[in-house]
Each structure stands twice: as structure tokens, then as C-alpha cells.
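Reader: Hello! I would love a close look at one small part of this model, with its surroundings described residue by residue.

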Amino acid sequence: MADIIESNPSIPTRLVIVAGTYDGVLAGWDTVEHVREQDKNDIELKLLRRNDGRYLKLSFAMSAHEGSVRCLDIASAGASPSNGSGEASKKVKKRQRNQDDGSDAPPEPGALLSGGFDETINVFNLQKHCQAGELKTPNDLGSPLCCSFAPPCSSSSGPPTHALIGTTSGKIVLYKKRDWSVQHVLAGHDEGGVQCLAVHPTGKMALTGGRDGKVCLWDLMKGRLAFVYKIPSRSKIRKETVNDIVWCDDGTRYAFCYGSKITARDVASGEDLLDVEMPSRVNQIAFIGGPEGMFLAAGCDDGGLPVLEVGQLEEEDDANTRRAIMAIEPVDKVVAGDDRLKCIRSVEGGSGFLVVTANSGGIVSLMDLEGAARMMLSGPDESNEESDRNDSESEDASLGSDVDSNEEVEVAVEILDSVRLGSGARITNISVWSFGENEMVEDIGEEDEEEEDDDAEEEEEEEGDEPPAQTIDKGKKFIKSPSQRSNDNTLELDAAAVEKARKLVGQAKKKQRKQKKKKAA
């Protein structure tokens with residue numbers, strides 16, 4: 001028998017999954033156990049690595065809505081940056097950087113936002129596993145259909161400051177997360193409703209898709225509509241419904257699906273990077289990938305899970321390059337039923353190819369799709385040779401050959417863990433929050449690196465008997481590298497930048513004096 005290659009995926013340090021059902025129930029799974037120590041109020045987070053290979057454990061289940069759960073989203077916990085000075089964000093990054101030393105706890109999921117058919121929006125605290133508040137949608141706006149925090153939980157821009165709710169009336173409500181007051185009500189879709197929305201990683205823009213066949217781009221800084229794209233309808237009576245819309249991690253590309261079609265576009269050029277039609281209806285899509293390339297994974301009505309490459313191909317490569325592969329084959333039935341893939345969401349951190357799926361039968365699975373990506377990158381020639389070898393092996397086996405093959409077979413998908421939500425529970429949507437060590441490294445900017453260098457210099461000065469004199473050379477246009485600094489302890493600054501900073505400080509002082517005079521008058 002042939003050996004199966006497992007990709008040995010890099011899973012995130014912490015993974016939280018929340019699912020909503022048609023019965024209004026919320027259920028959550030976590031990769032850590034909340035263990036309360038005796039005679040202490042502190043809760044210890046114990047990482048799950050059970051011997052049976054299970055990775056996810058049910059952490060809570062509760063009734064949240066009178067009716068189906070329409071939308072879910074998870075925010076990260078933490079304080080927002082202060083006054084644009086960046087001091088708070090630097091502290092957050094430094095806390096994340098020093099978590100290996102045990103000085104501070106790692107990032108945790110914060111608020112869970114859920115919207116239901118009963119026209120209520122519930123806010124839950126995922127750290128304490130309790131309800132934090134309840135809102136009603138404004139009058140005449142209907143029930144919520146989609147929601148998202150801004151910036152999203154996958155962003156490195158810090159904890160969210162706002163929340164967006166798309167309603168059945170076709171309007172989007174922008175809330176302030178601090179006090180949950182309504183800041184804007186955005187109108188751009190017809191009365192069919194806002195089916196899906198996705199906030200840009202920067203939190204400054206958002207894309208929405210509706211049942212009116214429109215894809216709208218919103219400027220959240222100004223609270224207005226920036227661009228509208230109307231999907232050409234294939235029927236004169238019925239308009240296309242946008243089922244899902246997503247941004248990639250860096251915000252340079254976005255994708256949306258409607259009916260059985262998937263479209264991916266480049267933000268800068270507006271060109272279509274992908275425009276394909278699948279055998280059945282596409283329910284949701286998710287960006288995955290790494291340095292090798294970017295891909296889209298889709299959950300379809302027929303139970304299939306295709307993985308498609310996103311990007312323009314050169315003309316000479318079209319004939320010998322595979323653009324898609326079916327990681328999970330569709331079910332061989334007229335109606336997929338419980339095997340229908342209702343939801344799919346990408347997992348931040350880890351290998352970059354992890355997704356969480358949920359089918360109509362209530363099964364939630366954590367999958368690794370790196371094998372499918374490697375199959376596409378290897379090209380059809382290598383795959384054909386491999387299939388020929390497999391065919392010859394099967395022929396030898398049918399002839400009664402006792403020779404075992406040592407050839408290795410690569411799998412397109414590896415299911416890392418699967419959990420089932422009760423019996424008969426039908427999942428409507430899911431939300432995923434994760435944290436990995438690679439995310440912590442990416443969040444550290446150049447300023448933090450400079451802080452590290454400064455700390456190292458201070459330690460060296462303390463060890464020495466006399467600290468060396470530090471001189472400042474003006475008129476330079478570059479900053480010396482850390483190795484150069486350690487040699488001659490010289491800090492070089494840009495004279496133009498210093499002069500500009502002085503002018504800004506002077507202007508700020510003048511404004512303060514004018515304000516004091518006005519108050520005194």
C-alpha cells in the first residue's frame with residue numbers, strides 16, 4: 001500500500017470557533033481549557049493536546065435568540081490606541097512581544113456579536129462566557145443579516161472601535177463599540193437586504209453584497225458610499241444575490257460569490273483575477289495561502305470543496321498550469337442534504353492554509369488545504385506521472401502481485417479535527433478567532449525593533465564602568481544600523497525631519513495658547 005503524506009500543519013496557538021443554529025443556539029469550541037485554581041479568582045488557560053488527537057473542545061452552549069442566528073463575529077480583547085499618539089498600540093505590541101517571558105497573558109478573544117431573526121443584537125463576553133448587552137435594531141430597519149467589527153479581528157490595526165450591522169431593509173447601521181450608539185445609517189442597497197459584508201483590514205473601508213445584485217464599497221471614515229458594481233443578471237425577473245464577500249489578509253484583493261460563480265479582483269487595477277462558474281451553488285468563500293501563492297476555498301451546496309488559484313497567468317503558462325482542484329469531491333446524490341457545506345472561514349496564523357467548515361448536519365471541521373495548493377503548484381505533468389504510477393500499481397495488484405509499493409501519495413485535504421453540534425442541529429453560520437506566534441512577530445514594527453536596540457544599548461551601558469559619550473550628528477539623511485550604533489554609539493538624525501517636528505510642536509503650542517485665551521475671555 002502507498003503511504004499518505006501528511007503536511008504536518010502549523011496550527012495556531014489559540015483557536016476559538018462559534019457556531020449559530022436555526023434554533024437560536026450559540027455553541028463555542030476552544031483549544032484551551034478554562035481551569036480555575038483553588039482559592040484563587042484567576043483562570044488558567046490550559047492548552048489542549050490530548051492523546052487521542054483532539055484539538056477542539058466545547059467551551060459553551062446557550063440559547064441566544066428566539067429564532068435563527070443570522071450573523072456572528074468575534075473581536076479581540078484589548079484597549080484602543082490613544083489620541084493617535086500610538087503609545088497604547090506600542091504597549092500592546094510590546095506586551096505581545098514579551099508574552100514568551102510570562103510577563104503578560106497572550107491575546108484573547110473579546111466580544112462576540114450575534115444577530116438573530118428576532119431583530120436583536122446580542123453582545124457576549126468570551127472571556128467570562130456571559131452576556132454583556134443586548135440591542136434592538138433601529139425602527140423600520142428589520143432584522144440583522146450580517147455583521148462585522150471594524151477593524152476586523154484578523155487585522156493588526158488594534159482592537160475594534162466600531163461594529164457594522166447589515167439589515168433586511170438594505171441599510172447598514174454603524175455602531176460605536178464604546179457605548180453602542182448609532183453613528184451612521186448607510187443606505188445603498190434595495191429593500192432585498194444586505195446579505196454579506198466584509199471590513200477592510202485597515203478598518204477604513206467595507207464591502208457589502210446584497211440581494212439586489214450590487215457590490216458596494218463604503219468609506220467608513222466619511223460614512224458614505226464610494227463605489228457600486230452591479231452584477232449582470234442572467235434573468236430578467238430575478239436579480240443575482242451575493243452570497244459572500246471577503247478580503248485577503250493584506251487587503252490588496254477581494255472576492256465575492258453569487259449563484260454558482262466566484263469572482264476575485266485586484267483592488268489597485270480593478271482587474272478580474274478569477275471569474276469561474278462551479279457545478280453548484282457557492283455558499284461561502286475564504287482566502288488561504290502563503291508565500292507560494294494565494295488561493296480561494298469554497299463551500300458548495302453539493303458538498304464539494306474546490307480550491308482555486310488567484311492571480312493572473314502568463315499566456316505561455318496557460319496550457320501547463322492547473323488553476324483549480326477539488327479538495328473534497330461532491331456527493332453523488334441529487335440533494336446533498338446534511339453533506340452540504342454551509343460555511344467556510346479561514347484561520348489566521350498557523351500554516352496559512354487552515355480553514356474551518358460547517359455542514360448542514362452540524363459537523364464543524366478544522367481542515368488543512370496545503371496539499372491541494374501543492375498539487376496545483378506542482379503542475380499537471382507531475383500529477384499525470386503520479387497517476388500513471390498509481391494505475392500501474394493497481395494493475396500489478398489485480399494480477400496478484402505481492403510487491404508492496406513504497407511510493408508516497410499526497411492528499412489534497414487533511415481533516416485535523418471534527419466536532420458535532422448535537423443531533424439534528426442545523427448550523428446557519430460560524431465565526432473564527434485565532435492567534436499564532438507568527439502573527440505576534442508580524443505585528444512588531446520598525447519602531448519596536450528600534451526600542452529593542454535601545455534597550456540592549458542601555459543594558460550594555462549598565463554593565464560597563466562608565467557609559468560612553470553619545471553624540472548627535474545633524475544633517476544626515478539616514479539612521480545607522482544597530483551594529484554601527486554599538487560600535488561608535490552615534491545616533492544620526494534627519495535634520496529636515498527634526499525641523500519639521502519643531503514646527504509642528506510650535507503650531508500645537510500656538511493653538512493651545514489661543515484656546516486658553518478664548519476660555520479666559
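Where does Ser169 lie relative to strand S12 and strand S13? And what surrounds Ser169, leaving aside its neighbours within four places in sequence?

Author: Happy to help! Please keep in mind that this is a predicted model. Ser169 sits in the loop that runs between strand S12 (162-167) and strand S13 (171-176). Although Ser169 is a loop residue, it counts as buried, because its relative accessibility is 18% and the cut-off for buried is under 20%.

Now to the surroundings. Once the neighbours within four places in sequence are set aside, Ser169 is in contact with Asp140, Leu141, Asp190 and Glu191. With Leu141 there is also a polar link: a polar atom of the Ser169 side chain lies 3.0 Å from the backbone oxygen of Leu141. On the sequence-local side, the side chains of Ser169 and Thr167 are joined by a polar contact of 2.9 Å. Thr167 belongs to strand S12, which spans 162-167.

For another view of a side chain with a polar partner, turn to Tyr229, which is part of strand S18 (residues 224-230). Tyr229 has a relative accessibility of 24%, so this residue counts as partly exposed. Not counting residues up to four places away in sequence, Tyr229 touches Gly213, Lys214, Val215, Phe256 and Arg265. Among these, Arg265 makes a side-chain to side-chain polar contact of 3.1 Å with Tyr229. As for Leu217, twelve residues from Tyr229 along the chain, the two C-alpha atoms are separated by 8.6 Å.

Notes: Residues are numbered from 1 along each chain as its sequence is written. This is a predicted model: local features need pLDDT of at least 70, side-chain atom pairs count only at pLDDT 80 or more; totals for chains, interfaces and linings use all residues. Side-chain values use heavy atoms; hydrogens and water are left out. Helices (H or I, at least four residues) and strands (E, at least two) are DSSP runs, numbered from the N terminus. Buried means under 20% relative accessible area, exposed over 50%, partly exposed in between (1.4 Å probe, protein chains only). Contact means heavy atoms within 4.5 Å. A polar contact is a pair of N or O atoms within 3.5 Å; within protein, one must be able to donate a hydrogen and the other to accept it, and residues adjacent in sequence count only if both atoms are side-chain atoms.
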